[in-house]
Amino acid sequence: MSKEVSFKNRDRFIQLGIAISALRKLKGMSQEKLAEKAGISRSLVSSIEAPGMANGFSLEVFFDIADALEVDPSDLINASMFPEQIAQRKK
């Protein structure tokens, strides 16, 4: 499920989880719907989005989440700064 995150990457994973949560909500999706579209479990989505928690996950999951949110993967990384602008872009 979740992979251990090194201390140096902890904040990055936390910011990414917050961005995923924000984009999901801006698009009106539940965790269940995102999980279904990404082909992952709802508990993994919950783990990734958990506030203040750094839960690692694979690049494959990252790409699947970006596709499910209909955003470019690079935009998903940038979404921690500008989630509203990213949510409005089309892939």
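Angles of 65 to 115 degrees between two axes count as roughly perpendicular. In this predicted model, helix 2 and helix 3 pack at an angle of about 115°, with their axes 8 Å apart, and the two helices are therefore roughly perpendicular to each other. The crossing of helix 2 and helix 3 is right-handed. On the side of helix 2 the contact is made by Gln 31, Glu 32, Leu 34 and Ala 35, whereas helix 3 contributes Arg 42, Val 45, Ser 46 and Glu 49.

This pair of helices belongs to a protein that contains six helices and zero strands, so that the pattern read along the sequence is α-α-α-α-α-α. Of the 91 residues in the protein, 41% are buried. Among the contacts with a separation of 6 or more, 63% are accounted for by residues that stand 24 or more positions apart.

Ala 35, one of the residues in the contact between helix 2 and helix 3, has its place in helix 2. With a relative accessibility of 3%, Ala 35 counts as buried, because the term applies to residues under 20% relative accessible area. When residues up to four places away in sequence are not counted, Ala 35 touches Ile 40, Ser 41, Arg 42 and Val 45, and of these Arg 42 and Val 45 are also named on the helix 3 side of the packing contact. Ala 35 can further be compared in position with Asp 64, since the two residues are 29 residues apart in sequence and 9.4 Å apart in space, C-alpha to C-alpha.

The largest nonpolar core has 22 residues, and those with the most contacts inside this core are Ile 20, Leu 34, Ile 40, Ile 65, Leu 69 and Leu 76. Two or more residues of the core come from each of helix 1 (10–26), helix 2 (31–38), helix 3 (42–49) and helix 4 (59–68). Helix 4 gives the most to the core, with five residues. The surroundings of Leu 76 illustrate how such contacts are distributed: leaving aside residues up to four places away in sequence, Leu 76 touches Leu 16, Ala 19, Ile 20, Leu 23, Phe 62, Ile 65, Ala 66, Leu 69 and Val 71. Within this list, Ile 20, Ile 65 and Leu 69 are themselves named among the core residues with the most contacts.

Aromatic side chains were also examined, and the count comes to two aromatic pairs. In one of them, the rings of Phe 13 and Phe 57 have their centres 5.7 Å apart and their planes at 80°, so the pair is edge-to-face, given that planes over 60 degrees apart are assigned to this class. Phe 13 lies in helix 1 and Phe 57 in the loop between helix 3 and helix 4, so the pair ties together parts that are 44 residues apart in sequence. The two partners differ in their exposure, for Phe 13 is partly exposed, with a relative accessible area of 22%, whereas Phe 57, at 10% relative accessibility, counts as buried.

A further local feature concerns the backbone at Glu 70, which has a positive phi of about 60° although this residue is not a glycine. Glu 70 lies in the loop between helix 4 and helix 5 (73–78). With a relative accessible area of 42%, Glu 70 is partly exposed, because this value falls between the limits of 20% for buried and 50% for exposed residues.

Definitions and conventions:
Residues are numbered from 1 along each chain as its sequence is written. This is a predicted model: local features need pLDDT of at least 70, side-chain atom pairs count only at pLDDT 80 or more; totals for chains, interfaces and linings use all residues. Side-chain values use heavy atoms; hydrogens and water are left out. A nonpolar core is a set of buried Ala, Val, Leu, Ile, Met, Phe, Trp, Tyr and Cys residues joined through side-chain atoms within 4.5 Å. Buried means under 20% relative accessible area, exposed over 50%, partly exposed in between (1.4 Å probe, protein chains only). Helices (H or I, at least four residues) and strands (E, at least two) are DSSP runs, numbered from the N terminus. Contact means heavy atoms within 4.5 Å. Rings of Phe, Tyr and Trp (its six-membered ring) pair if their centres lie within 6.5 Å; planes under 30 degrees apart count as stacked, over 60 as edge-to-face and the rest as tilted. Axes are lines fitted to C-alpha atoms, for helices over the stretch in contact, and angles run from 0 to 180 degrees between N-to-C directions. Angles under 35 degrees count as roughly parallel, over 145 as roughly antiparallel, 65 to 115 as roughly perpendicular and the rest as oblique. A crossing is left-handed if the near helix is turned anticlockwise from the far one by less than a right angle, and right-handed if clockwise.
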